[in-house]
Amino acid sequence: MSYEPKPRSGRSHVTDIRGDRRIQRMTSSQKMSVHEITEASRLQISKNTVHRRIIESGYMIHAKMARRFPLSKLHISKRLKSARSHMSYGDKWMAVLFNDEKKMESQWT
């Protein structure tokens, strides 16, 4: 009786080892975004695939982006003016959808 490992189930990778190394080389040698690497690679792969291959490489780490410049005096005054004009919205705020909101679920519910 033979005890050889069975072939893995599931979908095979879109990229091969050489494609993975090409992605890693582009990431480490040039400051390219995932979108730029996707376009530069000669493969038809998604940005998510490129991002996964970079993470799977193991030696690439996530670095925080540089901080942006603070708001100018003009931008601060415009924001305050907008906020003050919407202070009297009352119940209308319930109909407003904010794009930066995330759905949070409690672990006790």
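This is a short tour of selected residues, in an order that can be followed in the viewer.

The model is predicted, so local features are given only at pLDDT of at least 70 and side-chain atom pairs only at pLDDT 80 or more, while totals for chains, interfaces and linings use all residues. Residues are numbered from 1 along each chain as its sequence is written, and side-chain values use heavy atoms, with hydrogens and water left out.

**Stop one: T15.** Select T15, which lies in the segment before α1 (17–29); helices here are DSSP runs of H or I with at least four residues, and they are numbered from the N terminus. T15 is buried, with a relative accessible area of 5%, where buried means under 20%, exposed over 50% and partly exposed in between, for a 1.4 Å probe and protein chains only. Show its side chain together with that of D20, and a polar contact of 2.5 Å appears between the two. A polar contact is a pair of N or O atoms within 3.5 Å; within protein, one must be able to donate a hydrogen and the other to accept it, and residues adjacent in sequence count only if both atoms are side-chain atoms. The side chain of T15 also makes a polar contact, of 2.9 Å, with the side chain of R53.

**Stop two: R53.** Move next to R53, which is in helix α3 (residues 47–57) and is buried, with a relative accessible area of 5%. Its side chain is joined to that of H13 by a polar contact of 3.3 Å. Not counting residues up to four places away in sequence, R53 touches H13, V14, T15, D20, I23 and Q24, where contact means heavy atoms within 4.5 Å.

**Stop three: V14.** Select V14, again in the segment before α1, and then T49: their C-alpha atoms are separated by 8.4 Å, although the two residues are 35 residues apart along the chain. Leaving aside residues up to four places away in sequence, V14 touches Q44, I45 and R53.

**Stop four: the core.** Now select I23, M26, I37, I45, V50 and I54, the six residues of the largest nonpolar core. Helices α1 and α3 are the elements that give two or more residues to this core. Such a core is a set of buried Ala, Val, Leu, Ile, Met, Phe, Trp, Tyr and Cys residues joined through side-chain atoms within 4.5 Å. With residues up to four places away in sequence not counted, I23 touches I37, I45, V50, R53 and I54.

**Last stop: I76.** Finish at I76 in helix α4 (residues 73–85), which is partly exposed, with a relative accessible area of 38%.
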